[in-house]
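Here are a few exercises to work through with the model open beside you. Try each task before reading its solution.

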Amino acid sequence: MSTTITEEQIETLVVESLQTFGANPEDITREATFEALDIDSLDLAELSQIVHEQYGVELKGSDVAEVKTVDDAIKLIAERL
Amino acid sequence: MEAIVVTGVGAVTPLGVGARAMHERWSAGVCGVVDGEGPCADFDPREFLSAKEVRRADRFTQLALAACQEALADAGWSSGEDGDRSGVGGHPYAPERIGCVLGTGIGGIGTLVEGQDTLRERGGQYVSPLSVPLMMSNAGAGALSMAHGLRGPSFAVSSACASGAHAIGSALRMLQTGEADAVVAGGSEAGLTPLARAAFSALDALSKEGISRPFDARRDGFVMGEGAAVLVLERADAAQARGARVLGVIRGYGASSDAYHLTAPRDDGAGQAAAMTAALADAGIGPEQIDYVNAHGTSTPLNDRAETAAIKLALGEHAKRIPVSSTKSAIGHLLGAAGAVEAVATLLALRDRVAPPTIGLTEPEAGLDLDYVPGSARPLALNGNGNGDGSAHGQDRPVLALSNSFGFGGHNAVLCLEAP
């Protein structure tokens, strides 16, 4: 499974999810912090659920707690695939 | 004890968005019930909330947030305009001294049902992490507190269809004991779901005809509605000092319990009458000083009979001399929001010296012999007794009303309201 998923695909999933959570699309860049995007722990819990549903990967709360930027999240997901 | 005044009101009801929309349409005889229910069809949460706030709130919280924005703007606390939605900077009191009490009968039932559907259809791992924070009964109180930076005591009260009145009563006490300098109080409900519909139907509580006509011989149950109302309460001297416009006074509050049956009121109305009598005593007035009663008036056979008995018990002969009408004839039964919505409706009716009608009432049941204001609104005829201080003449004296709320579980809460 992991061989078929590109980082671009992960980025698309993350960006779409952040938009659904209410982040301003124009502000979403790889470098943007979740704090600046007003994305909080509840949003990241939802993101973990979406990632699990899409890729079958389980992100632990302790993993997600370390995630500060969009780029961090994409790299964490890519690592776990 | 110093007067506790109402300086702002807001409401979202089946008659539209806005407290005055409700008041004006009800007074004009408009009924917001459509196909046997009272939805807030005009309400679009996106007009009041950001995309994130909409996602983070069950509909009952969305309704409360909209009503709260209106109430705070009405009180002159915040602009109510886009931009600074928080109004934090505009509050006339320290945030730590502003409380928030919001009643709800059910809480986020729409969220609960959605979570249950997800659990059944897709499995537990897909139940949203937002489920609990959205469905919990205190979600509305928490959201109001966060949206407006209210850092005093905040919580939900729940007493089924008396919740809204209990919330205002609790807020009144919070101010009287000095726990807060201002309280944002109200009620909210968004229960128009197949589950609630089926459950109330199973109790034989809902009108099969889908018509809310309190006190009428043909009434056959209540019509479920949704909505919210919020009031801003402050101490009279502080409100005056900041030049606030005073809409009315919460003169008294009385509460009691039937301790009788899970859903049925006592036939003799004694429990309900006890709450009315307690509200009068709290206000320091006698029954003959009441100009109007905003009835709980659900349109169920049991309530309207018991409540008529209760009004007679509490007010004696005076009961037959004053108008008694039911807001539920215009909007259906807003359950945990009803007490707050009806408190707002009562205050605005008193201000305009109008007795709004019990819509749909054409022939009262035998024995239900109070003046239920059938047909259309009437000018509120002031009873001759006034406040017993010789000021009772013409339109000059303040007017007084009782607003009744009774809930499943035998919870009774009555507010005594005054308009200048």
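**Exercise 1. The end of a helix**

Task: Find the residue that follows α10(B) and state the sign of its phi.

Solution. Step one: α10(B) is followed by G284(B). Step two: the phi of G284(B) is positive, near 70°. Keep in mind that you are reading a predicted model.

**Exercise 2. Length and cover of α10(B)**

Task: Check the span of helix α10 (residues 270–283) of chain B against the rise expected per residue, then decide whether the helix is mostly covered.

Solution. Step one: take 1.5 Å a residue for the 14 residues of the helix, but count one less than the number of residues, since that is how the expected span is defined. This gives 20 Å, and the end C-alpha atoms are 20 Å apart, so expectation and model agree.

Step two: turn to burial, where a residue counts as buried if 20 or more other C-beta atoms lie within 10 Å of its own. In α10(B), 11 of the 14 residues pass, and the helix is mostly covered. Among the buried ones are G271(B), Q272(B), M276(B), L280(B) and D282(B), along with several alanines such as A273(B) and A274(B).

Step three: look for what does the covering. It includes the helix α11 (301–315) and the strands β7 (248–257), β12 (399–407) and β13 (411–419), which belong to chain B.

**Exercise 3. Two domains of chain B**

Task: Describe how domain 1 and domain 2 of chain B meet.

Solution. Step one: set the bounds, which the domain assignment places at 4–248 for domain 1 and 252–419 for domain 2. Their centres, taken over C-alpha atoms, are 22 Å apart.

Step two: count the contact residues, 64 from domain 1 and 63 from domain 2. On the domain 1 side, the elements giving two or more residues are β1 (4–13), α1 (19–27), α7 (163–176), β5 (182–189) and β6 (227–235). The largest share, eight residues, comes from α7(B).

Step three: sort the domain 1 side by character, and you get 32 nonpolar, 25 polar and seven charged residues.

**Exercise 4. The nonpolar cores**

Task: Which residues have the most contacts inside the largest nonpolar core?

Solution. Step one: this core has 138 residues, and the best connected are A229(B), L231(B), L233(B) and V344(B). Helix α13 (residues 338–351) of chain B gives the most to the core, with 10 residues. Both domain 1 and domain 2 of chain B supply at least three residues each.

Step two: follow A229(B) outwards. Leaving aside residues up to four places away in sequence, A229(B) touches residues including V9(B), A67(B), G164(B), G186(B), A340(B) and V344(B).

Step three: look apart from this core for another, of 16 residues, which includes V14(A), F21(A), L47(A) and I74(A).

**Exercise 5. Chain A and its contact with chain B**

Task: Compare the radius of gyration of chain A with that of a compact globule, then characterise the contact with chain B.

Solution. Step one: list the elements of chain A, four helices and zero strands, in the order α-α-α-α from the N terminus.

Step two: a compact globule of 81 residues would have a radius of gyration near 12 Å, and chain A has 11 Å, which agrees. Its C-alpha atoms fill a box of roughly 30 × 25 × 20 Å along the principal axes, and 23% of its residues count as buried.

Step three: the contact between the chains takes nine residues from chain A and nine from chain B. The chain A side divides into three nonpolar, three polar and three charged residues.

Note on methods. Residues numbered from 1 in each chain as written. Chains lettered and ligands numbered in written order. Predicted model: local features only at pLDDT ≥ 70, side-chain atom pairs only at ≥ 80, totals over all residues. Contact = placed C-beta atoms within 7 Å. Nonpolar A, V, L, I, M, F, W, Y, C, P; charged D, E, K, R; others polar. Rg over C-alpha atoms; globule rule 2.2 N^0.38 Å. Buried ≥ 20, exposed ≤ 12 C-beta atoms within 10 Å, placed from the backbone. Core = buried A, V, L, I, M, F, W, Y, C linked by C-beta atoms within 7 Å. Domains from an automatic or database assignment.
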